[in-house]
Amino acid sequence: LLCAIFGLLSVTTVCGNLLVITSVIYFRQLHTPTHYLILSLAVADLLVGVIVLPFSAILIVDPCMYLQAFICQVRNRCDMFLGATSILNLCCISVDRYHAVCQPLKYRMIINVRVTVGMILVSWCLPVLIGIGLSANDPKFQKKCHFFFQNPNLLFLLLSVVGFFYVPAVIILTTYLKILIVAQRQARAIENAACLSRKPGERISKTQSKATRTLMVVIGIFLLCWTPFCFCTTFNSLSNKTIPFNVIDAFKWIGWSNSMLNPFVYAFFYSWFRSAFRMIISGQIFQ
């Protein structure tokens with residue numbers, strides 16, 4: 001049963017992110033700074049489904065296997081690196097959407113290909129530097145099969161959790177709430193200027209409802225996936241490890257599920273991605 005659940009989670013994660021990657025690479029209409037950020041997120045989430053999830057499943061189902069030490073180290077390093085990269089990419093996407101909605105006239109000047117490449121490089125390089133710091137602060141980490149956020153060095157652990165979760169979470173919450181406020185204000189202005197409907201309130205309410213629903217899904221899924229794990233690891237370190245590691249491991253799997261849900265959240269909400277997915281799945285791109 002565990003193999004079936006873990007296998008389904010891994011396959012769904014890989015297939016969903018492969019659709020996003022293929023769409024952005026193949027269709028020129030998606031060669032924009034925003035979609036480059038989504039592409040970077042999809043690559044990180046794809047690697048989570050290819051490396052982290054299968055190796056974690058192997059360690060749970062067969063913890064006494066011959067290559068346990070090697071698989072454990074690969075899982076630990078990739079888990080830290082790819083999980084942090086995925087969260088930082090989510091943060092960059094929220095900043096991009098903030099400038100697109102709140103500063104549309106300056107958007108192309110602020111967010112261009114060069115800036116986008118810089119954000120992607122930071123999202124991928126910063127976790128590498130943190131990983132080097134992890135080895136320096138915990139020399140015995142090489143011999144342990146614990147997760148990155150179970151590092152016994154309390155100060156380094158807190159700094160890592162703050163940098164990889166709390167700060168990105170605050171940025172994502174702040175930017176998306178600001179986007180929601182501005183989007184509602186723009187909807188009212190457009191409705192009042194155009195007067196296209198006999199019932200202005202009805203049209204405005206539909207626009208606001210859709211914007212609110214989309215942003216609540218984006219914020220809610222991210223927080224539901226990662227908040228339990230990060231809160232538990234923080235509390236566990238401050239309370240001298242009172243929470244069982246099995247509970248933390250279960251919350252970690254919930255956090256990994258964010259890599260499976262990201263393609264649905266950040267791609268399926270857009271009509272051009274849905275059209276691209278239909279063309280890929282039906283084989284029309286080969287015609």
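Buried means under 20% relative accessible area, exposed means over 50%, and partly exposed lies in between (1.4 Å probe, protein chains only). Residues are numbered from 1 along each chain as its sequence is written, and side-chain values use heavy atoms, with hydrogens and water left out. This is a predicted model, in which local features need pLDDT of at least 70 and side-chain atom pairs count only at pLDDT 80 or more, while totals for chains, interfaces and linings use all residues.

**Exercise 1. Salt bridges**

Find how many salt bridges the structure holds, and say where the partners of Lys252 and Asp96 lie.

*Solution.*
- Step 1: Apply the rule, a side-chain nitrogen of Lys or Arg within 4 Å of a carboxyl oxygen of Asp or Glu. The structure holds two such pairs.
- Step 2: Lys252 pairs with Asp79, at 3.1 Å from N to O. Lys252 sits in helix H8 (residues 245–266) and Asp79 in helix H3 (residues 68–102), so the bridge links distant parts of the chain, 173 residues apart. Here helices are DSSP runs (H or I, at least four residues), numbered from the N terminus.
- Step 3: Check the cover. Lys252 has a relative accessible area of 1% and is buried, and Asp79 is buried too, at 3%.
- Step 4: The other pair is Arg97 with Asp96, whose closest N and O atoms are 2.9 Å apart. Asp96 is buried, at 0% relative accessibility.

**Exercise 2. The nonpolar core**

Look into the largest nonpolar core: which residues touch the most other members, and which helix gives the most?

*Solution.*
- Step 1: Such a core is a set of buried Ala, Val, Leu, Ile, Met, Phe, Trp, Tyr and Cys residues joined through side-chain atoms within 4.5 Å. The largest one has 63 residues, and Tyr176, Phe222 and Tyr266 touch the most other members.
- Step 2: Helices supplying at least two residues each include H1 (2–26), H6 (154–194) and H7 (200–238). H2 gives the most, with 11 residues.
- Step 3: Zoom in on Phe222. Beyond its neighbours within four places in sequence, Phe222 is in contact (heavy atoms within 4.5 Å) with Ile87, Leu90, Phe165, Ala169, Ile172 and Asn258.

**Exercise 3. Cysteines**

Work out how many disulfides there are, and how Cys91 fits in.

*Solution.*
- Step 1: A disulfide needs a pair of cysteine sulfur atoms within 2.5 Å. The count is zero.
- Step 2: For Cys91, the closest cysteine sulfur is in Cys92, 5.9 Å away, which is too far for a bond.
- Step 3: Compare the settings: Cys91 is buried, at 9% relative accessible area, whereas Cys125 is partly exposed, at 41%.
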